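User: I work at the bench and want to learn how to read a structure like this one. Could you take me through the features one at a time?

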Amino acid sequence: MTAPSDSAHAVHRPPVAVPEDDTVFRLAQLVLLLHVVAEFHPDGVELERLGAYDFIAANPLLMASSDDDPDRFELLMAGFDDRALSYASAAQRFATRRERLKHDLALLLAYDLATTAVRGHVLYRLTDAGVDMAMRFTAMYARSYTTAATIVVRRLRKVRPGPLRERVTEWTRQPSGPHRIDLADLFVEPEELDEADAFGEDSVGRWS
């Protein structure tokens, strides 16, 4: 009889929890964000702009990366830290989060926490039930996130769509991590891949 393998006695640990992979967590962030957005965009906000607000509010030190940025100290005091590993994969995380946004908004609409209006674009805003929910959050992170969202929306609300897109691209591609490696250069968007690239032996997959 062979001795039992080490794997038979291995402790089964739960996988690492990534908050933004949790639908409920993302929906809570969206409710808080839309509550902040209402102050600056009372009629609602279009999808692309909301996507930029959504990601940068969760990672505000991408925007306030300079030591002399006027909002950096307040964000640091709110608990944000750009040494977190998540800041080293910002471009890929932004693409993933952007893909999830329509689904998350559809859930808010289904729960009657958000509604839409058409003003040339489809605009999203909270319902009265959504506002009531936003005001019920009391966790420390909710306060920190609201602080970040307020700073982000205040700074970006008047930036036109084209320049806003350019700024978000620049922020998510800036060098990060201890060796200042631009990880965004290692990957391309799915639509940039042809069939050979997508299924070839040299294709690279990743998860953040």
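User: Start with the contacts. Among contacts between residues at least 6 apart in sequence, what share join residues at least 24 apart?
Analyst: The share is 69%. Keep in mind that this is a predicted model.

User: How many helices and strands does the chain have?
Analyst: It has 8 helices and 3 strands. Read along the sequence, the pattern is α-β-α-α-α-β-β-α-α-α-α.

User: How do I read the sheet? What is the strand order?
Analyst: List the strands by who sits beside whom. Here the order is E1-E3-E2, in an open sheet of 3 strands with antiparallel pairing. E1 and E2 stand at the edges; each has a single partner strand, so one side of each lacks a neighbour in the sheet.

User: How many bridges hold each pairing?
Analyst: Take the pairings in turn. Strand E1, residues 45-46, is joined to strand E3, residues 122-126, by 2 bridges, and the two run antiparallel. Strand E2, residues 114-118, pairs with E3 over 5 bridges, also in the antiparallel sense.

User: Which residues stand opposite Leu123?
Analyst: Look to both neighbours of E3. Glu46 stands opposite Leu123. Ala117 has Leu123 as its bridge partner too.

User: And where do side chains point in a strand?
Analyst: In a regular strand, side chains alternate between the two faces of the sheet.

User: What should I check in the hairpin of E2 and E3?
Analyst: Check the loop and its backbone angles. There are 3 residues between the strands, and Gly120 takes a positive phi near 90°.

User: Let me zoom in on Ala117. Is Ala117 buried or exposed?
Analyst: Compare its relative accessibility with the cut-off for buried, which is under 20%. Ala117 in strand E2 has 13%, so it counts as buried. Not counting residues up to four places away in sequence, Ala117 touches Val122 and Leu123.

User: How far is Ala117 from Gly44?
Analyst: Give two answers, one along the chain and one in space. Ala117 and Gly44 are 73 residues apart along the chain, yet their C-alpha atoms are separated by 7.5 Å.

User: Now the aromatics. How many aromatic pairs does the structure hold?
Analyst: It holds 3 aromatic pairs. Take Phe25 and Tyr141: their ring centres are 5.6 Å apart and their planes are at 35°, so this pair is tilted. The pair links distant parts of the chain, with Phe25 in helix H1 (residues 23-40) and Tyr141 in helix H6 (residues 140-156), 116 residues apart.

User: Which residues do ring pairs link into a cluster?
Analyst: Follow the pairs from ring to ring. Phe25, Tyr141 and Tyr145 are linked into a cluster this way.

User: Why do Phe25 and Tyr141 count as partly exposed?
Analyst: Partly exposed lies between under 20% and over 50% relative accessible area. Phe25 has 26% relative accessibility, so it counts as partly exposed. Tyr141 has 33%, so it falls in that class as well.

User: Helix H6 also holds Ser144. Is Ser144 buried or exposed?
Analyst: Use the accessibility again. Ser144 has 9%, so it counts as buried. Then ask what touches it. Leaving aside neighbours within four places in sequence, Ser144 is in contact with Ala78 and Phe80.

User: Try another one. What does Ala134 touch?
Analyst: Place the residue, then list its partners. Ala134 is in helix H5, residues 128-134. With a relative accessible area of 7%, Ala134 is buried. Leaving aside neighbours within four places in sequence, Ala134 is in contact with Val31, Leu32, His35 and Leu126. One of these partners gives a useful distance: Ala134 and Val31 are 103 residues apart in sequence and 5.9 Å apart in space, C-alpha to C-alpha.

User: Now the outside. Which residues form a nonpolar patch on the surface?
Analyst: Look for nonpolar side chains that group there. Phe73, Leu76 and Met77 form such a patch, with about 340 Å² of accessible area together. Leu76 is in helix H3, residues 72-77. Its relative accessible area is 34%, so Leu76 is partly exposed.

User: Finish with the whole chain. How much of it is buried, and how much area does it expose?
Analyst: Of the 208 residues, 36% count as buried. The chain exposes about 13,100 Å², and carbon and sulfur atoms supply 55% of that area.

Notes. Residues numbered from 1 in each chain as written. Predicted model: local features only at pLDDT ≥ 70, side-chain atom pairs only at ≥ 80, totals over all residues. Heavy atoms only, no water. Pairing = 2+ DSSP bridges. Helix = DSSP H or I, 4+ residues; strand = E, 2+ residues; numbered from the N terminus. Phe/Tyr/Trp six-rings, centres within 6.5 Å; stacked < 30°, edge-to-face > 60°. Buried < 20%, exposed > 50% of the residue type's maximum accessible area, 1.4 Å probe, protein only. Contact = heavy atoms within 4.5 Å. Patch = residues over 30% accessible without salt bridge, like charges linked within 9 Å, V, L, I, M, F, W, Y side chains within 5 Å. Areas by Shrake-Rupley, 256 points an atom, 1.4 Å probe, with all protein chains shown as cover. Salt bridge = Lys/Arg side-chain N within 4 Å of Asp/Glu carboxyl O.
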